[in-house]
There are 2 protein chains.
Amino acid sequence: VYWDSLDSSLVLLDQRHLPVKIEYIRCKSPADTADAIHKMIVRGAPAIGAAGAFGMVLGALKFNRNLNLDQFLMDLHNTKDTLDRARPTAVNLSWATNRMIQVAEFVAKATNSIDRVVDALLLESQALSDEDVDINKRLGKFGAELFPDTVEVLHHCNTGHLATVKYGTALGIIYSAAEMGKKIHVWVDETRPRLQGARLTAWELMQCGIPLHLIADSVAGHLMSKGKIDAIVFGADRVSRNGDVANKIGTYSICVLGKENSIPRYAAVPTSTIDLDTPNGDQIVIEERNSEEVTEIQGQRVAPENVPVYNPAFDVTPARYLTAIVTEEGVCYPPFEKSLAEAKQKAEVRMSELRAKRLNSYLK
Amino acid sequence: VYWDSLDSSLVLLDQRHLPVKIEYIRCKSPADTADAIHKMIVRGAPAIGAAGAFGMVLGALKFNRNLNLDQFLMDLHNTKDTLDRARPTAVNLSWATNRMIQVAEFVAKATNSIDRVVDALLLESQALSDEDVDINKRLGKFGAELFPDTVEVLHHCNTGHLATVKYGTALGIIYSAAEMGKKIHVWVDETRPRLQGARLTAWELMQCGIPLHLIADSVAGHLMSKGKIDAIVFGADRVSRNGDVANKIGTYSICVLGKENSIPRYAAVPTSTIDLDTPNGDQIVIEERNSEEVTEIQGQRVAPENVPVYNPAFDVTPARYLTAIVTEEGVCYPPFEKSLAEAKQKAEVRMSELRAKRLNSYLK
C-alpha cells in the first residue's frame, strides 16, 4: 500500500496471485480503490484502512474545485460511503475514512479553501500510513514479550507486511520475537478458502528467513493435541467492547481447540480495530462471499457444478476463548470491557496530541 | 470397487479426478492394486479392504500353478505384505488380506489343490464385498435412529458409495435417515487437503437428491457456535480397544468443537475397523503424505516453491470426545472398552456362522 506522488495514484501489490505472480495495481479513483478492496487485491484490516484513506484523497483530487466547499464536503461523504461498503466487517476502513472526513471538515472550516483541504487530506493519509508502521512495531514488542525464548507458534490467515502498511500485527509479534533473538518456529495454516496463509504468510516468512511449516487448517488441532504448539496468534477485523473478536473464518475453531489444550490465544490488534460502540460480537455483521472461492481454486473446479455453498468470510470468537488482546498500548487481559477501554483511552490521549500537532501544521 | 469376471480384473472408479472427470482404472496385478490404493485412486477404509481382497485374487491368478502349495501360500503372504504397506493406518486392508490368507490356508489343507484355493479366494473376495454392503445397511439403520426427524448434520471426508463397496458408513446413516423419511440437510466440509468432501461427498449427495451446503473446513466450528448443527458424523480408519478413533485429519477438531457446543459426535464403523489388539490411539501409526497435496491443487501451485509442509493424513480423536460409535451390530456407548468388545463379539458370532457355511461350500 503506497502512494505514488508522481502520478497521484495508489499502488497496491495484487495479493490475489501471490506468490505465483508479483503484480502491482494502480488505483486512480475511489471506485478503483473500493473495487480493489472488495476484490481483495488489498486485504488485512490495517492495509484496508490505509487504502481507504488514500481512496479519499483520490476522490478529493478529482472533485471539481469550482464547486463550493459544502458541495465538496458532501462529495467527500459520498466517497466515504462508497469505500466503506467495500468490506462491511472491517472497522479500520470506516475508521480511516472517518478520520479523513474530520480533517477535511476541520481544514475547510478554518481556511475555507478546497485546495488547502486537498493538501491536508494527502498529508493525513500519509500520516495514517506512517502511524500504522509505528503502531505495529509497538504492538509487536508487547506481544513478543509474552513468548518464551523457544516457541512454536500457530498463525492464522495473513497479518504481516501484506495485511498492514508494513511489518504486521500478529506476524509483527513473530518478527519482533525473531528480532529479539527468540527461537521461533511458525505453523502456518493455509486459511481456506482464499489461502492467505499458504500464499501470503508462508511467502513472507520465507522472505524473512523465519522457520515454518505450512499445514492444512484442520491439522492445527492435531498439533495442539500432540503438544506441538505453545501459542496461537492472529489479527482481527473488529473487536467489540466486551472483547469478542471478528476475524477470518477459522479463528473461533483454533481458539476453542487452543483453550481445550491449555495453549494461550492472542489476538493482535491496533486500538483502531477496537470498536467500543459495538457492545458484543452478536452485533457484528458477518460478510458472506461468493461460492467460487470454495468451488474453484486458481480457476480449477474442485466441487460439482451448482453445488450450494455457504462461505462466510469471518467468524466471531467470544471473549472467553481469548487469553489476551495485544495492542500498541500494551497487553489487555480479561475483563476486557475494562482493559480495552483503557487501551483505547491511552491511544486516544497519545493520538490526540499528535493529531493536534498535525491539524495545526495543515493550517500553516 | 468391482470385479470384472470377463477379463479377471479389478475395476475402480478413479476418485482423484471426480467430479470433473469420470474415469475407470483396471488393476491386473497386486502391484497395480497396491499402487491404486497408495495413490488413492480407491480410498475409504471398507473400499480399500475390498480392493485388497481382490488384489489377493489377482496375485493368486498369476502365480505359477506348477509350484507346490507351500510356495504358492508363501507367494500369497508376500502379496499380502505388498498390499498392506500401501496404506498403513487403515486396519480394514490388513483385515481383508488376512481373511484371504485364512481361506487359502484352510482350503489348501483340505484339498491340497492350488486350483481349488484360487477358486475359493475369488468367491471369498466377492463374499467380503457383498457383506460390506449388508453391513453398511445395518449400520445405517442403527445410526439413523439416533437422529431427530428434522436434522442438520455435519459430515467429514467421504464415507459413502465411493468409500465403501456401496452405500457407505457415515453417509450410509444419512442415506438411511433420508429413506426413513427424516428431513435431513448436510453440511459437507471440503476436507483439505484432498477435498474428498467437496469432490466426492457433495457429488454423491447431489446424485441422491439430499440437500446440502459445501463449506470450508473451518466453517464447521462457526456453524456449531451458531446452533446450526444437530449431529456430527464421520467414519474411521481404525478404532482402538478403548474407543480412540483414527480418521481423516480434522476429525479431532470437529469433535472437540462439537463437544464444546454440546452436539453429539458419532463415528460410523463396521466392526472390522475396531482393532482390539491396539489398546489406545497412541499406538496408531499416522501416515504422512507428500507435500504437494497441500501446495498444489489440481496441478495449480497455491504456495511458495520449497515451502516446508507437514501433511498428516489422519488424526486420533480420544474416546472422551465421542458420543457413540455406530456399528452394524448396534450403537456402542461409553465405556467403549466394554461396548466395542461386545459388538465385536456379536459380529464374530454372526460372521463365524456365515464363514463356516462359506468355507464348507469352498470344499464342495
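Disulfides come up empty here: this predicted model has zero of them over all chains. A disulfide is a covalent bond between the sulfur atoms of two cysteines. Take A:C208, which is in no disulfide, since the nearest cysteine sulfur belongs to A:C157 and is 17 Å away, while a pair counts as a disulfide within 2.5 Å. With a relative accessibility of 37%, A:C208 ends up as partly exposed. Over in chain B, B:C157 is in no disulfide either, and the nearest cysteine sulfur, from B:C255, sits 13 Å away. B:C157 has a relative accessible area of 6%, so this residue is buried.

Aromatic rings give a fuller picture, with 10 aromatic pairs over all chains. A pair of aromatic rings is described by the distance of the centres and the angle of the planes. For A:W3 and A:F54, the centres are 5.5 Å apart and the planes meet at 15°, so the pair is stacked. A:W3 belongs to strand β1 (residues 2–4) of chain A and A:F54 to helix α2 (residues 45–62) of chain A, so this pair ties together parts that are 51 residues apart in sequence. Both A:W3 and A:F54 are buried.

Another of the pairs is made by B:Y167 and B:Y175, with centres 5.9 Å apart and planes at 55°, so this one is tilted. B:Y167 and B:Y175 are buried as well. B:Y167 also has a charge to deal with: the charged end of B:K137 sits over its ring, 4.7 Å from the centre. Elsewhere in chain B, B:K248 lies over the face of B:F314, 4.8 Å from the ring centre.

How values were computed: Residues numbered from 1 in each chain as written. Chains lettered and ligands numbered in written order. Predicted model: local features only at pLDDT ≥ 70, side-chain atom pairs only at ≥ 80, totals over all residues. Heavy atoms only, no water. Phe/Tyr/Trp six-rings, centres within 6.5 Å; stacked < 30°, edge-to-face > 60°. Helix = DSSP H or I, 4+ residues; strand = E, 2+ residues; numbered from the N terminus. Buried < 20%, exposed > 50% of the residue type's maximum accessible area, 1.4 Å probe, protein only. Lys NZ or Arg CZ within 6 Å of the ring centre and 35° of its normal.
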